[in-house]
Amino acid sequence: MNTAVYKILLVDEDQVFVRQTRQLLITQSYDIYTASSEEEGIIICQQQQPDLIICGAHLRGTGGHHFIMALRNDPGFDHIPLIFISIKDNKQEMRMAMNLGADDYLARPFRKRDLLLSIRSRLGRFAKFNHVHTPDETRTVSLANSSTAQQALYHRLGKAENRIIKMIAEGKSTKQMADELNVSIRTIENHRYRIAGKLGIAGRNALTEFVIRNIIQLQKQ
C-alpha cells in the first residue's frame, strides 16, 4: 500500500483496458481518473494536476502521441511522468514515444507487476519535479547567461520542444525532424513558432540563430 494518495490519470479509448487497469490501481490505493480523448485528458490535468499519467496509443478522435505532445508543450504539465501503453512491441514505436516525452513504455499484454513497478519508479523519480511553476519561472531567459538560466529555460519548454531545440542544434532540417518524430512538417513548424514565442524572439531564422549562438550550452543539457 502507498503511504500517500497519488493521483493517476488513465487516458485510453479501450474501455475494457481502462476498467481492468483502474481496478488494479485502486487496489494499490491510488486515486484514479480516466479519459478517452486528448481533450478530456487535458481538462482533467487542469482540474486535478495528476501525479502520473498512463496513456494508450489510441484515443477517441486522435492518437496517444498527440496527447504526449500537447502535454509536454504545456509548462504546467511537462513535469508529470507519463507511461505510454502500446499494442505494438517494436523499437520504432518505443523510440517515437520516448522522443516525444514518454518516461516509460509498455507493450500489451504486460504483467500487472511490470506496470506497478513502473508506476512506483516514476513516482519516486519525478516527485521532485511535481510543483506549480511560479510567475518568475515564465520569464524569457537566455541560455548564455548562466547555468541557472539554462535550467529555467529547460523547465519552461516542454520535453518535445527541448527535443526539437536539440535537433536544430544537430543541424537537422524541418523535414528530418518531422520524419524522426513521425509527425507532419506543419507540426514541426508550429513547434518552432511556439518555441520562438516563449523565447521572445522573432524572424524566420531567429530560432536557428539563437540555437547556434548557444549551441555549447545546449549540448551540455
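Biologist: Is Arg60 buried, partly exposed or exposed?
Modeller: This is a predicted model, so the value is computed from it. Arg60 has a relative accessible area of 45%. Buried needs under 20% and exposed needs over 50%. Arg60 is therefore partly exposed.

Biologist: Which residue forms a salt bridge with Arg60?
Modeller: Arg60 lies in the loop between strand E4 (58–59) and strand E5 (62–63). The partner lies in helix H2 (residues 38–48), so the pair ties together parts that are 20 residues apart in sequence. The closest N and O atoms are 3.2 Å apart. The partner, at 31% relative accessibility, counts as partly exposed. It is Glu40.

Biologist: How many salt bridges does the count come to?
Modeller: Side chains of opposite charge can pair when their charged atoms come close. The rule used here is a side-chain nitrogen of Lys or Arg within 4 Å of a carboxyl oxygen of Asp or Glu. By this rule the count is eight.

Biologist: Asp114 forms a salt bridge; how far apart are the closest N and O atoms?
Modeller: The partner is Arg111. Arg111 is exposed, with a relative accessible area of 53%. Asp114 is partly exposed at 26%. The closest N and O atoms of the pair are apart by 3.0 Å.

Biologist: Which residue forms a salt bridge with Lys175?
Modeller: Lys175 and its partner are four residues apart in helix H8 (residues 174–181), so about one helical turn separates them. The closest N and O atoms are 2.9 Å apart. The partner is Asp179.

Biologist: Are the axes of H3 and H4 roughly parallel or roughly antiparallel?
Modeller: The axes of helix H3 (residues 64–72) and helix H4 (residues 91–100) come within 9 Å. They cross at roughly 20°. Angles under 35 degrees count as roughly parallel. H3 and H4 are therefore roughly parallel.

Biologist: How many residues in the contact of H3 with H4 are nonpolar?
Modeller: His65, Ile68, Met69 and Arg72 in H3 meet Glu93, Met96, Ala97 and Leu100 in H4. One residue of the contact is polar and two are charged. The nonpolar residues number five.

Biologist: Is Asn73 buried or exposed?
Modeller: Asn73 lies in the loop between H3 and strand E6 (82–86). Leaving aside neighbours within four places in sequence, Asn73 is in contact with Gly158, Ala160, Glu161, His191, Arg194 and Lys198. The relative accessible area of Asn73 is 12%, so Asn73 is buried.

Biologist: How many of the 11 residues of helix H7 are buried?
Modeller: Helix H7 covers residues 159–169 and is largely enclosed by the rest of the structure. The buried residues are Ala160, Glu161, Asn162, Ile164, Ile165, Met167, Ile168 and Ala169. That makes eight.

Biologist: Which residue just after H7 takes a positive phi?
Modeller: H7 ends at residue 169. The phi in question is about 85°. The residue is Gly171.

Biologist: What percentage of the residues of the protein count as buried?
Modeller: The protein has 11 helices and seven strands. It exposes about 11800 Å², with carbon and sulfur atoms supplying 50% of that area. Of the 221 residues, the buried share is 45%.

Technical notes: Residues are numbered from 1 along each chain as its sequence is written. This is a predicted model: local features need pLDDT of at least 70, side-chain atom pairs count only at pLDDT 80 or more; totals for chains, interfaces and linings use all residues. Side-chain values use heavy atoms; hydrogens and water are left out. Axes are lines fitted to C-alpha atoms, for helices over the stretch in contact, and angles run from 0 to 180 degrees between N-to-C directions. Helices (H or I, at least four residues) and strands (E, at least two) are DSSP runs, numbered from the N terminus. Angles under 35 degrees count as roughly parallel, over 145 as roughly antiparallel, 65 to 115 as roughly perpendicular and the rest as oblique. Contact means heavy atoms within 4.5 Å. Ala, Val, Leu, Ile, Met, Phe, Trp, Tyr, Cys and Pro count as nonpolar, Asp, Glu, Lys and Arg as charged, and the others, Gly among them, as polar. Buried means under 20% relative accessible area, exposed over 50%, partly exposed in between (1.4 Å probe, protein chains only). Accessible areas come from the Shrake-Rupley method with a 1.4 Å probe; for residues, only the protein chains shown count as cover.
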